[in-house]
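Visitor: I would like a guided look at this model, with the reasoning behind each reply. Could you take me through it?

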Amino acid sequence: MVLELQNITMQFGGVTAIDDLSFGVQTGEIYGLIGPNGAGKTTLFNIVTGNYTQTKGTVLFHNEELSGLKPNMIVQKGIARTFQNIRLFKSMSVLDNVLIGFHNQANYSYFESILRLPRYFMYEKNIKREAMDILERFGIAEYADTNASSMSYGNQRKVEIARALATNPKLLLLDEPAAGMNPNETEDLSQIILKIKKEYGLTILLIEHDMKFVNNMCDKVLVLDYGEEIFEGKPADAIVDEKVVAAYLGDFKHA
Amino acid sequence: MDILTFMQQMVNGISLGSMYALIAIGYTLVYGVLRLINFAHGDIMMVGAFTAYFAHASGVPFGLAVILAIFAAMVTGILTDKIAYKPLRDAPKISLLITAIGISFFLENLFNVLFGGVPRAFSAPDYMTKILHFKGMYIPVTVIIIPTVTLILLFIMLWILNKTKYGMAIRSLAFDIPTVKLMGINADFIIMLVFAMGSGLAAVGGIFYAVSYPSIDPLMGVIVGLKAFAAAVLGGIGSVTGAVIGGFILGFTEIVVVAFMPELGGYKDAFAFVFLILVLLFKPTGIMGQDLERSRF
Amino acid sequence: MKIIKLTFLVVAIVFVWFAQNHFDPYAVSILNNIAIFAILALSYNLINGVAGQFSLEPNGFVAIGAYVTALFLIPSETKIDMFALVDPSPFVLSMHTSFLPALIMSGVVASALAFILSIPVFRVRGDYLAIVTLGFGFIIRIYAMNQPSITNGALGLNDIPGNSNLYWTGFIMIVTLIIMLNIIYSKHGRAMKAVRDDEDAAIAMGINTFWIKTYAFMTSAFFEGVGGGLMASMLTTIAPDQFTFLLTFQLLIIIVLGGLGSMSGTILGAILVMGGTEWLRFLDQNMDIFGYNTGAHPGLRMVVFSILLIVLMLFARRGLFGNKELTDLFRRSK
């Protein structure tokens with residue numbers, strides 16, 4: 001078990017966003033979190049990444065308790081994320097964005113930066129090579145020197161995932177990776193995610209609304225509604241489950 | 001120290017605290033809505049005090065001079081927002097802070113060039129400067145007028161914020177400007193209102209300051225502004241009640257510490273800073289505040 | 001790339017040598033001033049422009065640096081004669097070193113204070129750095145006024161040995177520039193820019209943003225302390241009232257004009273603003289306009305400068321250089 005959530009409850013003020021939720025993600029799995037807007041999916045991500053502290057319950061990563069760790073420490077443990085609304089470093093080049101992901105792996109000190117000591121050159125050379133390697137896998141190496149904010153939307157998504165990959169994660173959290181993409185781009189992205197998952201030995205937890213994407217990608221899905229689990233199992237079974245259908249119809253009615 | 005002196009100091013503390021509170025409200029309102037430290041706020045107070053001074057000196061009755069001062073401060077506050085902040089709403093935060101400092105420095109130097117840097121004696125009418133004799137205590141009328149006016153203004157503020165539709169709009173702006181705009185509220189008008197209210201209160205605070213000390217100069221807003229901001233953070237930035245509580249705590253501390261430990265008198269102006277540091281260390285949300293700085297995911 | 005950088009370096013060194021030996025004293029004093037302000041502005045730009053943390057600290061740290069260097073340089077007999085209000089404390093009397101160690105101590109003390117300020121300020125979000133550092137500038141002045149056994153109170157210190165010359169100021173300016181560029185093009189500089197662009201995203205990359213901001217702040221403070229030391233030795237006399245917010249304001253104009261985050265821009269900004277301050281001196285003095293004497297207006301220059309700052313922010317937020325460096329012009333761009 002890579003990630004295990006036990007009896008997670010999250011309250012904001014008096015509102016319960018997540019209610020006594022438990023589930024686990026197996027090594028090498030692609031696990032999907034689906035459900036109507038406001039079901040608590042992103043809140044769950046923020047609990048795993050340490051941005052929120054859950055009201056009750058425990059989060060285990062490789063059987064190690066994560067609660068109380070700062071978000072940056074959780075990244076160093078091997079959990080990386082992307083954001084629902086892309087959050088690249090806008091003033092920086094694509095390559096620099098990915099190099100930031102290597103921050104903790106470039107093991108030279110501030111003094112070595114200031115004085116340009118040998119380890120600076122050694123690590124900078126290494127991480128630049130590795131960053132270019134990641135960009136090549138995503139097919140965006142030619143944009144390395146381009147400003148990140150001037151890329152197309154689909155390519156910005158790729159940079160964001162590439163950047164997360166650079167932190168050397170075991171578990172990758174993708175928040176709506178296919179949002180705003182056309183079918184071709186979505187297909188292209190699916191292929192890349194499957195490829196890097198295999199090559200880097202990743203486990204992936206993702207939030208997505210595109211059911212075709214979920215169906216193609218996920219080994220298992222968890223359907224959330226108002227912070228509660230209403231289904232867990234194979235994606236193909238989720239689509240025909242009565243409760244799931246009802247939750248989505250209800251969502252449409254509200255909208 | 002006998003009980004009389006103690007009472008005397010308490011009365012002085014309430015008076016000083018009221019002034020800080022009036023000025024702190026402006027910081028807290030603007031910060032609540034725009035997440036911006038309005039560095040010019042102390043100088044807007046100074047503009048108010050100067051207006052009252054010149055109006056009164058040229059023969060305008062004091063009451064009318066106060067109203068003119070409030071008006072002048074409101075106009076300065078609104079213009080500051082329109083000229084220096086509004087065009088930068090979508091710019092990086094640092095740009096706004098830089099223009100805020102720019103406006104602050106501009107007002108200080110403009111008044112310095114126009115009216116000179118030498119402090120001017122602020123003459124208030126007799127009924128403001130009378131000293132009452134009460135059971136052996138000497139009580140200047142100001143220390144009664146100042147807290148009374150402050151309390152009245154505070155209740156009006158709280159009524160506006162909690163009971164009127166404008167107040168509701170102000171409080172909702174504190175959460176999310178784009179959403180509020182979608183809801184059909186004229187965000188720019190509400191922000192203007194916030195600057196007008198904060199600046200008007202600052203003018204009253206500035207006049208009280210001028211009457212108590214009794215002198216004004218172009219740089220008077222700098223230290224007082226800094227202290228009032230510290231008071232707002234202490235009370236919980238974004239909260240009006242908090243700003244008032246913070247203002248009183250700071251006012252009392254300054255008076256009491258100087259009374260009990262005169263050797264620290266030279267450091268009187270540093271207490272606010274020590275408070276600010278301690279609050280940031282141990283309770284960054286202040287006494288009444290919610291966490292305005294929680295990042296948005 | 002290497003050749004271009006070396007060319008810059010050689011030209012700068014030759015210019016410093018030439019100016020010190022062949023320029024008239026007035027020109028040398030202006031160049032000294034520009035070099036010191038460039039040192040201060042370069043370091044100020046690291047925390048403000050590169051790390052994006054708005055700070056108003058320079059006058060406080062410059063004051064500390066100036067006092068530390070002055071106390072290390074003034075011989076103890078002179079101190080005894082000079083301290084008029086109370087006797088100098090034994091510690092102050094025991095301080096004595098040569099110029100370079102004194103400058104380094106100035107930097108170290110300023111940097112240590114920056115670390116202490118970092119703890120309350122960078123653990124919370126929000127713009128508290130600006131207000132805390134603004135307050136800090138006042139506190140330093142209050143302290144200097146109230147501790148006559150260390151600072152000689154309001155009288156200040158004089159007869160500071162004038163060791164500053166263009167070799168010192170020019171050389172330290174070049175070193176500061178090189179160090180700033182080294183930081184910017186390292187993982188720490190990238191992390192500072194990441195914090196500036198989006199702090200949450202930087203944390204999501206595993207960066208401990210508290211330390212990144214603290215590094216930037218301490219580095220700024222160090223060079224501001226050193227700059228203060230150079231200033232003390234150039235002026236040979238210092239007093240608490242010299243280190244007001246005006247100093248910080250001038251530096252702010254320099255970095256905004258040059259471009260927040262651009263070190264080459266900062267050097268150009270320092271030249272323009274310091275030159276401009278000299279050139280605009282007439283504004284503060286008596287003027288005859290069509291036979292009408294306007295009288296002296298001390299402070300008019302600062303009105304002009306504050307309008308300039310606001311206009312720059314509103315219409316040319318990126319300044320002269322944006323966040324690019326001169327050397328970026330020579331990089332091949334795609």
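Visitor: In which helix does C:Arg141 lie?
Guide: Happily, with one word first: this is a predicted model, where local features need pLDDT of at least 70, side-chain atom pairs count only at pLDDT 80 or more, and totals for chains, interfaces and linings use all residues. Residues are numbered from 1 along each chain as its sequence is written, while chains are lettered from A and ligands numbered from 1 in the order in which they are written. Helices (H or I, at least four residues) and strands (E, at least two) are DSSP runs, numbered from the N terminus. By that numbering, C:Arg141 belongs to helix α7 of chain C.

Visitor: Is C:Arg141 buried or exposed?
Guide: A residue is buried if 20 or more other C-beta atoms lie within 10 Å of its own, exposed if 12 or fewer, and partly exposed in between, with C-beta atoms placed from the backbone. C:Arg141 has 22 C-beta neighbours inside 10 Å, so C:Arg141 counts as buried.

Visitor: Leaving aside neighbours within four places in sequence, which residues is C:Arg141 in contact with?
Guide: Two residues are in contact if their C-beta atoms, placed from the backbone, lie within 7 Å. With neighbours within four places in sequence set aside, the contacts of C:Arg141 are C:Pro240 and C:Phe243.

Visitor: How many of the 19 residues of α7(C) are buried?
Guide: Helix α7 of chain C covers residues 128–146. The expected span of a helix is 1.5 Å times one less than its number of residues, so α7(C) should span 27 Å, and its end C-alpha atoms, 26 Å apart, agree with that. The helix is largely enclosed by the rest of the structure, because the number of buried residues is 14.

Visitor: Which element gives the most to the side of chain B that touches chain C?
Guide: In this interface, 34 residues of chain B are in contact with 36 residues of chain C. The elements of chain B that give two or more residues to that side are α4 (93–115), α10 (220–235) and α12 (271–282). With 15 residues, the one that gives the most is α4(B).

Visitor: And how many residues on that side of chain B are nonpolar?
Guide: Ala, Val, Leu, Ile, Met, Phe, Trp, Tyr, Cys and Pro count as nonpolar, Asp, Glu, Lys and Arg as charged, and the others, Gly among them, as polar. On the side of chain B that touches chain C, three residues are charged, seven are polar, and the nonpolar ones number 24.

Visitor: Which helix supplies the largest share of the side of chain C that touches chain A?
Guide: Here 24 residues of chain C are in contact with 27 residues of chain A. At least two residues each come from α9 (166–184), α10 (187–197) and α11 (199–204) of chain C. By class, this side of chain C has 10 nonpolar, seven polar and seven charged residues. The largest share, seven residues, comes from α10(C).

Visitor: Where in chain A is confidence lowest?
Guide: pLDDT is the predictor's confidence in each residue, from 0 to 100. Chain A averages 91, with 97% of the residues scoring at least 70. Confidence in chain A is highest in helix α3 (residues 94–101), at 97, and lowest, at a mean of 68, in helix α10 (residues 242–254) of chain A.

Visitor: Why is chain A called as compact as a globular protein of its length?
Guide: Chain A has 10 helices and 10 strands. The radius of gyration is taken over C-alpha atoms, and the globule rule is 2.2 Å times the number of residues to the power 0.38. For 255 residues the rule gives 18 Å, so chain A is as compact as a globular protein of that length, its radius of gyration being close to that value at 19 Å.

Visitor: Which strands stand at the edges of the open sheet of four strands in chain A?
Guide: Two strands pair if DSSP finds at least two bridges between them. The sheet has the order β2-β1-β4-β5 (chain A), with antiparallel pairing. Seven bridges join β1 (residues 3–12) to β2(A). Two strands have a single partner strand each, so one side of each is left without a neighbour in the sheet: β2 (15–25) and β5 (64–65) of chain A.
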